[in-house]
Amino acid sequence: MATTTTTPAPNPLRAGLRLQRTAPPCTVVIFGASGDLAHRKLIPALYALERMRRLSPSFQLIGVANMDWNDEQFRKEMRGAVQQFATPDDQVGDHEDQETWDGFAARMQFLGGDFDDPALFQKLGAMLKQLPQAGGNVLFYLAIPPSLIGMVAQQLGQAGLNQVTEQGWTRIIVEKPFGRDLASAKVLNHQLHQIFDEEQIFRIDHYLGKETVRNIIVFRFANGIFEPIWNRRYVDHVQITVAEAIGIERRGKYYEEAGALRDMVQNHLMQVLAVVAMESPVRFEAGPVRDEKAKLVNAICPLLPAGAASYDTVAVRGQYGPGFVNGEAVAGYRQEGDVKPDSTRETYVALKLMIENWRWAGVPFYLRSGKRLPRRVSEVAIQFKAPPFKMFADVEPEMVEANTLVMRIQPDEGISLRFEAKVPGTDMRLRPVKMDFLYGTSFGEPQPEAYETLLLDAMLGDGMLFARYDMVEAAWALTTPLLEAWEAEGPEAETAPAFPNYAAGSWGPEAADAFIRRDGREWRRP
């Protein structure tokens, strides 16, 4: 009897084909459609997904705002937003792009009204029922001030728009900040959980949509060479830096309420730290990944344990004064609009975090973020321990530099590894060199904007890149005592820094340099 051999079907990924993720039929409802976020990020991102054919032909968009617009005015306004804020490749230009825009715009509607008016939500429900082609699936995006989130969620519930039915799913995206301290974060989570199940809630942090942040998981767990040395035995310390050359950009009122710790560290930097330091998930799925991130944040030692007399060993804060950035004179924070002339709000934060687990015990994680620094750069730097035996001390009197692995989040996204090499010649001379990987040149295709990735994930129901309530509360539990200590400390207190304490265009206050030097280390100068 003849034997038949079955040849396995080729894996399309290995065959060079890409399995493109496409959103199911759905309606996206943007509350706050007249606002800055919708103009700068949301509409350009949705149009980019349309151009990439990642949206269903049945996709529908409803903009909701307290504006006296009709559908055509809304479409005209959003076209202007795409022309102004989309990447050059996604702007409406030639005949083909015009056809794409016309098809996209034809599926856009506008609904005007006050968010505290129940009639608005009844009208919205009626509009959604008239869109059967969207499959009954609805994604609400709350691009609104944090103070309105609870009210809008409650209105959605009272109108019956929060229900998951056999006809489709309902999800809600909430923008940061997720509260302003632990107590308010718990209140917000409670308000949302009264109306929506946790699986329906997508708390968006655009940093998690950046390619390099997403690639950290792949870099760690898809390469057998790095994970075995990703621990206290080989790593000396880790630095996570988010530096901005810009100031507060006409957001004085917001920044006076928030400050750098709330605005950047509690969310963006803590999310990046969790991805860098978490244990391996059992599966590459939203639940296991978010479980490990929450465990990691819960393992961080309290910044201000009960009875602590001072925060000086774990934190430094700063505020920029006048200076020069990129050769141009810029004002200090206290001279910005809507900022009090004697404000003590921090525009720079540096923290030292210690993680109490088997992998990282004894390894410090230094986090820093600031406005009006010399350049815009976000990176994670893993500095490994120096060789235990200085065998080149006789031929190379200068100190051999430690190996450093740097993951650049922005700009020039990529990864570089610094190591020692011999300089060509008859003498034995050592010099640090780098191996560089750049996203922009390695793959030959454009990187998606963070909001493109995150909006598509939300439509697909993939919560991996979104913050879960327990991690949000764990991050606030860590940072709230420090916030309270700073806010209770008046400007006349002996321990209070004399603001401003760093010039715009510098790398932060001198106290931050002294802070890390106490441990025998130095900040990187990216």
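Helices, of at least four residues, and strands, of at least two, are DSSP runs that are numbered from the N terminus. In those terms, Ser58 belongs to the loop that lies between H1 and strand S2 (60-65). The model described here is a predicted one. It includes an open sheet of 6 strands with parallel pairing, an open sheet of 8 strands with mixed pairing, a largest nonpolar core of 156 residues and 26 salt bridges.

**The loop at Ser58**

- Ser58, in the loop between H1 and strand S2 (60-65), has a relative accessible area of 22% and is therefore partly exposed, since the buried class ends under 20%.
- When neighbours within four places in sequence are left aside, the residues in contact with Ser58 are Pro25, Cys26, Gln133 and Ala134.
- Ser58 and Gly135 are 77 residues apart in sequence, while their C-alpha atoms are 8.1 Å apart in space.

**The sheet of 6 strands**

- The strands of this open sheet follow the order S3-S2-S1-S4-S5-S6, and their pairing is parallel.
- Strand S3 (108-112) and strand S6 (201-204) stand at the edges with a single partner strand each, so that one side of each has no neighbour in the sheet.
- Direction ignored, neighbouring strands of this sheet are turned against each other by 20° on average.
- Strand S1 (residues 27-31) and strand S4 (residues 138-142) run parallel and are joined by 5 bridges, and within this part of the sheet Ile30 stands opposite Tyr141 in S4.

**The sheet of 8 strands**

- In this second open sheet the order is S8-S12-S13-S7-S14-S15-S16-S17, and the pairing is mixed.
- Its edges are formed by strand S8 (315-318) and strand S17 (430-438), each of which pairs on one side only.
- From one strand to the next, the twist averages 15°.
- Strand S14 (residues 377-384) runs antiparallel to strand S15 (residues 404-410), and 6 bridges join the two; the bridge partner of Ala381 in S15 is Val406.

**The nonpolar core**

- In soluble globular proteins, nonpolar side chains tend to be buried together.
- The largest nonpolar core of this model has 156 residues, and the residues with the most contacts inside it are Ile30, Phe31 and Met459.
- Helix H9 (residues 259-277) gives the most to this core, contributing 12 residues.
- Not counting residues up to four places away in sequence, Phe31 touches a set of residues that includes Val64, Phe115, Phe121, Leu124, Phe140, Tyr141 and Leu142, and among its further contacts are Ala143, Ile144, Val152 and Leu156.

**Salt bridges**

- Side chains of opposite charge can pair when their charged atoms come close.
- Of the 26 salt bridges in the structure, one joins the side chains of Arg40 and Asp36, with a distance of 2.9 Å from N to O.
- Arg40 and Asp36 are 4 residues apart in helix H1 (residues 36-51), which means that about one helical turn separates them; Arg40 is partly exposed, with a relative accessible area of 39%.
- Glu487 forms a salt bridge with Arg345, and the closest N and O atoms of this pair are 3.7 Å apart.
- Because Glu487 lies in helix H13 (residues 469-488) and Arg345 in the loop between strand S11 (328-330) and strand S12 (348-354), the pair ties together parts that are 142 residues apart in sequence.
- Within this pair, Glu487 is partly exposed at 44% relative accessibility, whereas Arg345 is buried at 13%.
- Asp513 and Arg525 also meet through their side chains in a salt bridge, at 3.4 Å from N to O.
- This pair links Asp513 in helix H14 (residues 510-517) with Arg525 in the segment after H14, the two being 12 residues apart.
- Asp513 counts as buried at 15% relative accessibility, while Arg525, with a relative accessible area of 44%, is partly exposed.
- Arg220, Glu227, Glu279 and Arg359 are joined into one network by salt bridges that share partners.

**The surroundings of Asp457**

- Asp457 has its place in helix H12 (residues 450-460) and counts as buried, at 2% relative accessibility.
- The side chains of Asp457 and Arg21 are joined by a polar contact of 2.7 Å.
- Leaving aside neighbours within four places in sequence, Asp457 is in contact with Arg21, Asp462, Leu465 and Phe466.

Notes
Residues numbered from 1 in each chain as written. Predicted model: local features only at pLDDT ≥ 70, side-chain atom pairs only at ≥ 80, totals over all residues. Heavy atoms only, no water. Salt bridge = Lys/Arg side-chain N within 4 Å of Asp/Glu carboxyl O. Buried < 20%, exposed > 50% of the residue type's maximum accessible area, 1.4 Å probe, protein only. Polar contact = N/O pair within 3.5 Å; in protein donor to acceptor, adjacent residues only side chain to side chain. Contact = heavy atoms within 4.5 Å. Pairing = 2+ DSSP bridges. Axes fitted to C-alpha atoms, helices over the stretch in contact; angles between N-to-C directions. Core = buried A, V, L, I, M, F, W, Y, C linked by side-chain atoms within 4.5 Å.
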